[in-house]
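The following paragraphs lead the reader through one structure, element by element. Please keep the sequence and the model in view while reading.

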Amino acid sequence: MKNNTPLHIKIIAGSTREGRFSDKAAAWIAEEIKKQEGVAVEVLDLRDYDMPFFNEPTSPSFKQEPYKNEAVARFTKKIGEGNAFVIVTPEYNHGTSGVLKNALDWVYPEWNNKPVAFVSYGSVGGARAVEQLRLNAIELQMTPIRNAVHIPGEQYFQALFGKMDAKELFALVSKQAEAMITQLLWWTRALKNARG
Ligand SMILES: Cc1cc2nc3c(=O)[nH]c(=O)nc-3n(C[C@H](O)[C@H](O)[C@H](O)COP(=O)(O)O)c2cc1C
């Protein structure tokens, strides 16, 4: 019998500053993934989840009860619904943004045994932030997949300062995106089946 339940893919826009780029990259990759059959795609914009800096007495890996903070509870629920994630990350001082790392830290079991892919940008395509995020993901018991989208620095900064159209910029990485999506959906199906 055919399973008609869609794969729930959550895209996380990983920066919140005024004039940010993560919302644009998140909207673009969401549309790319929607071209696939059998997916339900949602962008989680961290601006909509105003979570405090992590301040609980214990790690979320020991947490049993739902969170009291409304934004944390809402974000955790969304992560629980996701079968896979695409993290859209900037590179701030060779790492990811504080707001994104904080969001990762707030959740634990809901991340476990699920795949994650990355879209990044910056002078070297955000590669240094992604390498750190892969290590964070392993500690969260996720599967960070190999293929990623690294938007090239020179063209990225041209687009950021309005000297290049964002559509043109994204067209440069469409092949990377295609390969990443194929691999992400493979892992999404495999791990969903494995989790039962
Ligand atoms: C605090 C801060 C630190 C940054 N550090 C880096 C960096 O280490 N490497 C890099 O390539 N770009 C760096 N940049 C430039 C960012 O790549 C660029 O501003 C990008 O648009 C930030 O992402 P956002 O627009 O989603 O906030 C930094 C920007 C900020 C605001």
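Which residues of helix 1 are buried? In this predicted model, the buried residues of helix 1 are Ser-22, Ala-25, Ala-26, Trp-28, Ile-29 and Ile-33. Around the axis they cover an arc of only 165 degrees, which puts them on the same side of helix 1. The face turned away from that buried side carries the exposed residues Glu-31 and Lys-34. Several elements pack against the buried residues of helix 1: strand 1, strand 2, strand 3, strand 4 (115–121), helix 6 (166–172) and helix 7 (174–195). The length of helix 1 can also be checked. Its 13 residues, at 1.5 Å a residue, should span 18 Å, and because the end C-alpha atoms are 18 Å apart, the two values agree.

Helix 1 (residues 22–34) also has a place in the order of the chain. Together with strand 1 and strand 2 it makes a right-handed β-α-β unit. The two strands of this unit, strand 1 (residues 7–13) and strand 2 (residues 39–45), pair in the parallel sense over seven bridges. As an example of this pairing, Ile-9 has Val-41 in strand 2 as its bridge partner.

Strand 1 has a further partner, since it is joined to strand 3 by five bridges, and these two strands run parallel. Here Lys-10 has Phe-85 of strand 3 as its bridge partner. Strand 3 is in turn joined to strand 4 by five bridges, again in a parallel arrangement, and Ile-87 has Phe-118 as its bridge partner in strand 4. Between strand 3 and strand 4 the chain passes through helix 3, in a β-α-β crossover that is right-handed.

How many residues of strand 3 are buried? Six of its six residues are buried, so that strand 3 is mostly covered. In a regular strand, side chains alternate between the two faces of the sheet. In strand 3, Ala-84, Val-86 and Val-88 point one way, while Phe-85, Ile-87 and Thr-89 point the other way, and all are buried.

Helix 3, which follows strand 3 in the crossover, has its own buried residues: Val-99, Leu-100, Ala-103, Leu-104 and Trp-106. Seen down the axis, they fall within an arc of 165 degrees, so they line one face of helix 3. Helix 2, strand 3 and helix 4 are among the elements that cover these buried residues.

Residues from these elements come together in the largest nonpolar core, which has 54 residues. Those with the most contacts inside this core are Ile-11, Ile-29, Val-86, Val-88 and Ala-103. With which residues is Ile-29 in contact, leaving aside its neighbours within four places in sequence? They are Ile-11, Val-86, Val-88, Val-119 and Ala-177.

Two aromatic residues come next. Phe-54 is placed in the loop between strand 2 and helix 2 (70–81). With 14 other C-beta atoms within 10 Å, Phe-54 is partly exposed, because a buried residue would need 20 or more. Not counting residues up to four places away in sequence, Phe-54 touches Asn-102, Asp-105 and Trp-106. By contrast, Asn-4 and Phe-54 are 50 residues apart in sequence and 38 Å apart in space, C-alpha to C-alpha.

Trp-187 is placed in helix 7. It is partly exposed, with 19 other C-beta atoms within 10 Å. Not counting residues up to four places away in sequence, Trp-187 touches Ala-84, Pro-115, Thr-143 and Ile-145. Trp-187 and Pro-109 are 78 residues apart in sequence and 18 Å apart in space, C-alpha to C-alpha.

Finally, two loop residues deserve a look for their backbone angles. His-94, in the loop between strand 3 (84–89) and helix 3 (98–106), has a phi near 65 degrees, a positive value in a residue other than glycine. Gln-141, in the loop between helix 4 (127–139) and strand 5 (143–144), has a phi near 60 degrees, also a positive value in a residue other than glycine. His-94 is partly exposed, with 13 other C-beta atoms within 10 Å, and Gln-141 is partly exposed with 13 other C-beta atoms within 10 Å.

Technical notes: Residues are numbered from 1 along each chain as its sequence is written. This is a predicted model: local features need pLDDT of at least 70, side-chain atom pairs count only at pLDDT 80 or more; totals for chains, interfaces and linings use all residues. A nonpolar core is a set of buried Ala, Val, Leu, Ile, Met, Phe, Trp, Tyr and Cys residues joined through C-beta atoms within 7 Å. A residue is buried if 20 or more other C-beta atoms lie within 10 Å of its own, exposed if 12 or fewer, and partly exposed in between; C-beta atoms are placed from the backbone. Two residues are in contact if their C-beta atoms, placed from the backbone, lie within 7 Å. Helices (H or I, at least four residues) and strands (E, at least two) are DSSP runs, numbered from the N terminus. Two strands pair if DSSP finds at least two bridges between them. A crossover is right-handed if, with the strands pointing away from the viewer, the path from the first strand over the helix to the second runs clockwise. The expected span of a helix is 1.5 Å times one less than its number of residues. The arc is that of the directions from the helix axis to the C-beta atoms.
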